[in-house]
Structures are given as C-alpha cells and as structure tokens.
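Colleague: Could you walk me through the open spaces in this model, and then through one residue in a loop?

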Amino acid sequence: MTYNYVRSSIKPLSPNSEESIAVTIPNGSSNKMIGEILEQEDVINSGMVFNYYMKFNNQDGFQAGEYVFSPSMSLNEIASSLQNGESADTRITIPEGYDVEQVASSISEQTEFSQDEFLDLMEDEEFFNELEENYSELLGDAAEAEEVRYRLEGYLFPATYDYQSDMSLEELVEQMVATTDSVLEGHYDEIEESDLDVQETLTVASLVEREGETEEDRKQIAQVFFNRTEAEMPLQTDISILYALGEHKEVVTYEDLEVDSPYNLYQNVGYGPGPFDNPSEDSIEAVLNPTDNDYYYFVADTSTGNVYYAETYEEHNELIDEYMDE
C-alpha cells in the first residue's frame, strides 16, 4: 500500500456527510471482517486499511451488535464505538456557520432537549468553568473575554455527532467543545506565532465563514479584515449587525447599522467581543494562512457568488454599481 493511499483511506470517507448508516457487526467478527463490512456499507474508504490501522494502533476488543455509523466518522471514532459497544441512537449534525441560537434550534429538533435548556446551559458559568478546566488552552481566552453573549459561541464545532438517548446535554455539548479542541490542536502553534489569540482567531474565522464560500475567497477576505484592522478602520461586515440584532434577515438597513452593541463592527473598530458563529476548519485555516493583498473592500454578487475586491472606496463603489445595483 502506498503512503498516499493509506493516508487518504484513514480520513473520513465523506467528512461533511449527514447520512446515518445502520450496520450489523456479527458475533465473532475479526478486524478484517469488520473492515470489509464497513467498506461494503460505504462507511469507510478501505477495509484493508481499517484492519492494518487497528492492528498498528493495538485497537481490538470490538463488540458485536447493531450500530449507526456515518461516512463523516474517523477510524478512531468508529473504533471507540465498537470498543464500547455503544451504538448511537441517532447522529446529530451541526452545520458550518450556525450560531449558538441556531445550534439550539437544531438540537431541539434532533433530540429531547429544548432550545431553552440548551441556551440556559450556554449561560451557565459553572458549566463553562468546568469545561475550561479540561480545555484550558482552548477556552482560556474566552474566559477572559468581556461583553460576550455566549462564552461558547465559536467553540461548538460544526460536525456530525453520536447521540445516545441516555446522554446528558452537558455530555453532548462537551463533545462539540472537545472536537473544536481536537481540530485546533494542529493549529495552536500557528496561533501562538500569529498576532491573534484563540478567541480572536475564531472570531475572524466566524466572519470569514459567512462572508466567503470558496477557499480562495476566504483567504482573501481574511486579509482584507487584517488590512482594515491595521489601518484602524471598522470591518463594516453585515454579519456583525445581524448578530448584534439577534436576527437572521436578508437586508440590513441604515437604521440597523446604528444598533448599540459591542458586536456592531460598523461602529466599533476591531473584531468585537467574540465569535459570531461556529466556523469550519477551512475558515480557521484561512485566517491563519491568508492570501497577501492590498485590498480594503470587497463586495459579493449574490446571484453568482463571485466576490470582487478593491483597494479604494471609489473602486468599491464602482463594483457595487456594476454588480449590486441592478
């Protein structure tokens, strides 16, 4: 087996999949048999790599039973479920770019927990402090942030999660926080070497998540935000206004721009108190590895998704006339 083949086969078959696949693991199944079943059911890339990976990492003791897996699961997640004999009652998906209140709504639709229960937990300082003890590198900056609406905004990683009916809401939320910590584990050194802390990294990433769709645009937009910040210009992103208002709507009015909130980045210079949503790893990477440019403005053509950049306000207005005022 070649290195690239093994490397690709270890990764989830489909990282963004929302599909749940029922899988039966018969009594007496070897690692090889389990790998073949998972490959046949389109849960993993390669049964052969599954077998070798489990042997190499001394993973065994897998239990027979009925399981619910997803192509978005890593080999380690699958192994953990098989070792514990825990079949998820369902798989809960949190989309990229959802804010805490949208996550609360999604959780209430997929579990027995209500929106109010979820939001109450988001405001529970004792629960946050317990999490900070376990994830101090991740949550240390959030603990010190002032005027944030929810301390865990930005730290509930968008992914698909196992959910058992006997799981507490605290356990479910900790899964999300732990996943964020796992994702950032490969980026903590980059953050340390940058001009940002963890809270600021996730804050800018949360804006980039909603402003850009492609990897290229996200990297360009991240640099635009840095250019404006260095020039002591407000970021002037509508995402901040909608968050300040606590609304999701299509059009931001001039009256909306006057909302009195630390999250209003039309009136306030900087990044604001904290994240505006829960960003993907792609957006985090864009913030840590932006594309160098001299732009201070950008505008998106909502009909095509194309983003156009400008160095001056005059050029920006020309782009608005060309692509927005139709």
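The questions below take up the pockets and then a single serine.

Modeller: This is a predicted model, in which local features need pLDDT of at least 70 and side-chain atom pairs count only at pLDDT 80 or more, while totals for chains, interfaces and linings use all residues. Residues are numbered from 1 along each chain as its sequence is written, and side-chain values use heavy atoms, with hydrogens and water left out.

Colleague: Which charge and polarity classes make up the lining of the largest pocket, and how many residues are charged?

Modeller: A pocket is an open set of points on a 1 Å grid over the protein atoms alone, where a 1.4 Å probe fits, with protein on both sides within 12 Å along at least five of seven lines, and lining residues have an atom within 4 Å of a point. The largest pocket is lined by 38 residues, with Glu211, Asp238, Tyr266, Val299 and Met324 nearest its centre. Counting Asp, Glu, Lys and Arg as charged, Ala, Val, Leu, Ile, Met, Phe, Trp, Tyr, Cys and Pro as nonpolar, and the others, Gly among them, as polar, the lining holds 19 nonpolar, 9 polar and 10 charged residues.

Colleague: Is Ser280 buried or exposed?

Modeller: Ser280 sits in the loop between α13 and α14, helices being DSSP runs of H or I with at least four residues, numbered from the N terminus. Beyond its neighbours within four places in sequence, Ser280 is in contact (heavy atoms within 4.5 Å) with Glu96, Phe157, Pro158, Glu209 and Arg218. Because its relative accessibility is 2%, and the limit is under 20% with a 1.4 Å probe and protein chains only, Ser280 counts as buried.

Notes: Helix = DSSP H or I, 4+ residues; strand = E, 2+ residues; numbered from the N terminus. Buried < 20%, exposed > 50% of the residue type's maximum accessible area, 1.4 Å probe, protein only.
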